[in-house]
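Welcome! Here are some short exercises with worked solutions, to be read with the structure in view. Try each task before you read on.

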Amino acid sequence: MGTLSVRESKTAQLKMSTVGNSTNIFWQESPVGKLERQKLLNQKGCVVWITGLSGSGKSTLACSLSRELYTRGKLSYILDGDNLRHGLNKDLGFKADDRTENIRRVGEVAKLFADAGLICIASLISPYRKDRDACRAMLPDANFVEVFMNMPLELCEARDSKGLYKLARAGKIKGFTGIDDPYEPPLKCEIEIQQKDGDCPTPGAMAGEVVSYLEEKGYLQDH
C-alpha cells in the first residue's frame with residue numbers, strides 16, 4: 001500500500017475527528033420497546049422542561065406537577081438543576097461552555113426517561129435558547145414541552161430564598177443569570193406561566209395548567 005500524501009493524510013485525520021471520542025460501538029436494541037413500556041404505564045413518555053430565572057417558581061411547579069400526576073396514577077421523575085450539580089454535573093461550573101454541557105447532559109438523561117415511558121420534569125434555569133433548542137431536537141415526535149416561568153426579575157429578586165441575588169449584587173457571584181449574565185426567553189414555548197393582575201398563580205393552578213396540556217395532547221394515556 002502506498003504512502004498517503006500530505007493532503008490525503010490531513011483528509012483522513014479530519015474524517016476521523018468527526019467520529020467523536022467513542023468508536024467501534026453499536027446501538028443495542030432492547031427486547032422491550034418504548035410502545036410496550038408506555039402501554040404498561042398507560043401514559044406516553046415526554047419531557048416537561050421548566051425554564052426561568054432563579055426564584056421564578058420552577059422547583060415549586062415541578063414538585064406540584066409531580067404530585068398531581070402521582071394522584072392521577074401517572075409516573076414522573078424530576079431532574080432538578082441544583083440536585084444534578086451534586087452528582088452528574090458536579091464537575092461543571094457556570095461559564096458559558098459549562099452551562100451548555102450541563103444542559104446537554106440533562107437533555108440526554110431526560111431523553112432516556114422519556115424513552116422509558118416516564119413523564120420527565122426537568123427544572124433548570126437553562127438560560128440559553130440554543131441549549132434548550134438542542135434538547136428539544138433530541139426528542140422524537142415533538143415530545144418536548146417547554147414551560148416558561150415568565151416572572152419579572154424584580155419578583156424573583158425579592159423572593160431570593162437562597163440569597164443568591166444578594167450575593168450577585170454584591171459581586172460575590174459572577175455570571176449570575178439576570179444580573180451579569182443574560183437569560184434568553186423562549187420564542188415558541190408550549191406553556192407560559194406569568195402573573196395575572198399582579199398575582200402569581202398558586203402551585204396547584206400552575207400544575208393544573210400543565211396537566212391539562214398533557215391531557216389534551218394525549219400524554220396521560222398510551223393511545
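## Exercise 1: The chain as a whole

The protein chain exposes about 13,400 Å², and carbon and sulfur atoms supply 55% of that area. Keep in mind that this is a predicted model.

**Task.** Describe the protein chain by its helices and strands, its span and its buried residues.

**Solution.**
- Step 1. Begin with the secondary structure: the protein chain has nine helices and five strands. Followed along the sequence, they give the pattern α-α-β-α-β-α-α-β-α-β-α-α-β-α.
- Step 2. Turn to the dimensions: the C-alpha trace spans about 75 × 50 × 30 Å along its principal axes.
- Step 3. Look at burial: of the 223 residues, 37% are buried.
- Step 4. Finish with contacts: among those with a separation of 6 or more, 76% join residues 24 or more positions apart.

## Exercise 2: An annotated stretch

**Task.** Which residues does UniProt list for "domain: APS kinase", and how much helix and strand does the chain have there?

**Solution.**
- Step 1. The UniProt record, an unreviewed entry, gives residues 44-193 for this domain.
- Step 2. Over residues 44-193, the model is 41% helix and 17% strand.
- Step 3. The C-alpha atoms at the two ends of this stretch are 23 Å apart.

## Exercise 3: Two pockets

**Task.** Find what lines the largest pocket and the second largest pocket.

**Solution.**
- Step 1. Start with the largest pocket, which holds about 680 Å³ of space. It is lined by 31 residues, and Ser54, Lys58, Asp82, Ile125 and Lys162 are the closest to its centre.
- Step 2. Match this lining to helices: H3 (58-71), H4 (81-84), H5 (96-115) and H8 (164-169) each contribute at least two residues.
- Step 3. Sort the lining of the largest pocket by class: nine residues are nonpolar, 13 polar and nine charged.
- Step 4. Move to the second largest pocket, with a volume of about 320 Å³. Its lining has 15 residues, and Trp27, Arg37, Lys111, Leu112 and Asp115 lie nearest the centre.
- Step 5. Helix H2 (34-41) and H5 each supply at least two residues of this second lining, and H5 gives the most, with five.
- Step 6. By class, the lining of the second largest pocket has six nonpolar, three polar and six charged residues.

## Exercise 4: Phi angles to notice

**Task.** Where do Asn42 and Asp160 lie, and what are their phi angles?

**Solution.**
- Step 1. Recall the background: most residues other than glycine have a negative phi.
- Step 2. Asn42, although not a glycine, has a positive phi of about 55 degrees. Asn42 sits in the loop between H2 and strand S1 (46-51).
- Step 3. Asp160 is not a glycine either, and its phi is positive, at about 40 degrees. Its loop runs between helix H7 (153-159) and H8.
- Step 4. Asn42 counts as partly exposed because its relative accessibility is 35%, between the cut-offs of 20% and 50%.

## Exercise 5: Leu84 and its surroundings

**Task.** Is Leu84 buried or exposed, and which residues does Leu84 contact beyond its neighbours within four places in sequence?

**Solution.**
- Step 1. Locate Leu84 in helix H4.
- Step 2. Leu84 has 15% relative accessibility, so Leu84 counts as buried, the cut-off being under 20%.
- Step 3. Setting aside neighbours within four places in sequence, Leu84 contacts Leu79, Asn89, Lys90 and Val106.
- Step 4. Compare one more position: Arg105 is 21 residues from Leu84 along the chain, and their C-alpha atoms are 9.8 Å apart.

Technical notes:
Residues are numbered from 1 along each chain as its sequence is written. This is a predicted model: local features need pLDDT of at least 70, side-chain atom pairs count only at pLDDT 80 or more; totals for chains, interfaces and linings use all residues. Side-chain values use heavy atoms; hydrogens and water are left out. On a 1 Å grid over the protein atoms alone, a cavity is a set of points where a 1.4 Å probe fits but cannot get out, and a pocket is an open set with protein on both sides within 12 Å along at least five of seven lines; lining residues have an atom within 4 Å of a point. Grid points are joined across faces, edges and corners, and a volume is the space filled by probe spheres set on the points. Helices (H or I, at least four residues) and strands (E, at least two) are DSSP runs, numbered from the N terminus. Ala, Val, Leu, Ile, Met, Phe, Trp, Tyr, Cys and Pro count as nonpolar, Asp, Glu, Lys and Arg as charged, and the others, Gly among them, as polar. Buried means under 20% relative accessible area, exposed over 50%, partly exposed in between (1.4 Å probe, protein chains only). Contact means heavy atoms within 4.5 Å. Accessible areas come from the Shrake-Rupley method with a 1.4 Å probe; for residues, only the protein chains shown count as cover. UniProt positions are given in the numbering used here, feature names are shortened, and annotations may be inferred rather than shown by experiment.
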